[in-house]
Amino acid sequence: MSRATCFVALLTLLCASAIAFAADDEARKPAANPAFIPPDRSLFFEGRDVFDRNCVVCHGERGDGLGEMSASMPIKPRSFRSGLFKYRSTPWGKLPTTADLIRTIRGGRTGTTMGMFTQLTEGEVRAVAEYVKSFSRNWWKPENYAAPVGIPAEPAWLRDASQLQRRAAAGRGIFRSICATCHGENADGKGPAASALKDDAGQPATPADLRQPHLRSGDEPRDIYRVLMTGLNGTPMVSFTDALAAEQKWDIVAYILTLRPEHGPQR
């Protein structure tokens, strides 16, 4: 065999080995997370401008929730540096979707100083949502992302007054067995543990008074169901995804719906 032939054979062997090693290395990598969409850096400066004009007074220049108005607020502004968000469509412990952030910016949060920024254009809202992500490195880690939780279709009986009351009675029993410690037996937010509850920042975490006509996470049955699935990150409100069957969750939803003023008090 000539020297040239040997060289070609050796080169072929080395190339084949390199390809094999590369394929093996690729096989060892974790599967890509399809939910991972990194922050859009192209919107950073536009988003910062929107943030400075509308958000900094509460959330602070550093996004730490320590703006000049925050000290006087009973419910403190969100610190974006923690990477924890209460209001999400994603599972417990995961980051919200961009659509979740936009929903909060547009709709505000009932009972807090987070108002509705309806004056912003769609482009401004999208830009500031992307800018918020710049305060935490969590947004660059694929493992912190997940697709929204699946919410089943609303059962037909939710729209039937007599069936709603029957299922609400069952829901009241479930609620009092697992939720009353924090929310109180009558869902007024005054359970025996309520006064001692703290969030991850050490601030008081007052349970919601679920008798109110409007709830921070939304007023539709699906909104209430979603919170039972996702919990509220950074607070004592955990996810009940595995603790309750779907029917039990809908029964609790029915109970909460009947607490609204138009239904009269449930005792």
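This is a short dialogue about reading helices, packing and cysteines in a predicted model.

Student: Where do I start: how many helices and strands does the chain have?

Tutor: Start with the list of elements, then ask how they pack. This predicted model has 9 helices and 0 strands, so reading from the N terminus you just get α-α-α-α-α-α-α-α-α.

Student: And what share of the chain is buried?

Tutor: Of the 267 residues, 40% are buried. You can also look at how contacts spread along the sequence: among those between residues at least 6 apart, 60% join residues at least 24 apart.

Student: Let's take one helix. Which residues of helix 2 are buried?

Tutor: For any helix, list the buried positions and then look down the axis. Helix 2 spans residues 44–54, and its buried residues are G47, V50, F51 and N54. Seen down the axis, they fall within an arc of 100°, so they line one face of helix 2.

Student: What covers those buried residues of helix 2?

Tutor: The cover includes helix 3 (56–59) and helix 5 (122–132).

Student: At what angle do the axes of helix 2 and helix 5 cross?

Tutor: Roughly 95°, and the axes come within 7 Å. An angle from 65 to 115 degrees counts as roughly perpendicular, so helix 2 is roughly perpendicular to helix 5. On the helix 2 side, the contact is made by F44, E46, G47, R48, V50, F51 and R53. Helix 5 brings G123, E124, A127, V128 and Y131.

Student: I see V125 in helix 5 too. Is V125 buried or exposed?

Tutor: V125 does lie in helix 5, and V125 is buried, with a relative accessible area of 1%. To read a residue like that, skip its sequence neighbours and see what else touches it. Leaving aside residues within four places in sequence, V125 is in contact with I102, I105, R106 and L120. You can also compare sequence and space: V125 and L101 are 24 residues apart in sequence, yet 9.0 Å apart C-alpha to C-alpha.

Student: Now helix 6. How far does helix 6 reach from its first C-alpha to its last?

Tutor: Here the trick is to set the end-to-end reach against the expected rise. Helix 6 (residues 161–178) has 18 residues and reaches 25 Å, close to the 26 Å expected at 1.5 Å a residue.

Student: Which residues of helix 6 are buried, and what do they pack against?

Tutor: The buried ones are L164, R167, A168, G171, R172, I174 and F175. They pack against helix 7 (180–183) and helix 9 (246–257).

Student: And how is helix 6 oriented to helix 9?

Tutor: Same recipe: get the axes, then the angle. Helix 6 and helix 9 pack at about 100°, with axes 7 Å apart, and are therefore roughly perpendicular to each other. Helix 6 uses L164, R167, A168, A170, G171, R172, I174, F175 and I178 for the contact, while helix 9 uses E247, Q248, D251, I252, A254 and Y255.

Student: Last one: how many disulfides are there?

Tutor: Check the sulfur-to-sulfur distances against a cut-off: a disulfide needs two cysteine sulfur atoms within 2.5 Å. The count comes to 0 disulfides. Take C55: its closest cysteine sulfur is in C58, 8.5 Å away, too far for a bond. For C179, the closest cysteine sulfur is in C182, at 8.5 Å, again too far for a bond.

Student: Are C55 and C179 buried or exposed?

Tutor: C55 is buried, at 15% relative accessible area. C179 also counts as buried, at 9%.

Definitions and conventions
Residues numbered from 1 in each chain as written. Predicted model: local features only at pLDDT ≥ 70, side-chain atom pairs only at ≥ 80, totals over all residues. Heavy atoms only, no water. Buried < 20%, exposed > 50% of the residue type's maximum accessible area, 1.4 Å probe, protein only. Helix = DSSP H or I, 4+ residues; strand = E, 2+ residues; numbered from the N terminus. Arc of directions from axis to C-beta. Contact = heavy atoms within 4.5 Å. Expected span 1.5 Å × (residues − 1). Axes fitted to C-alpha atoms, helices over the stretch in contact; angles between N-to-C directions. Parallel < 35°, antiparallel > 145°, perpendicular 65-115°, else oblique.
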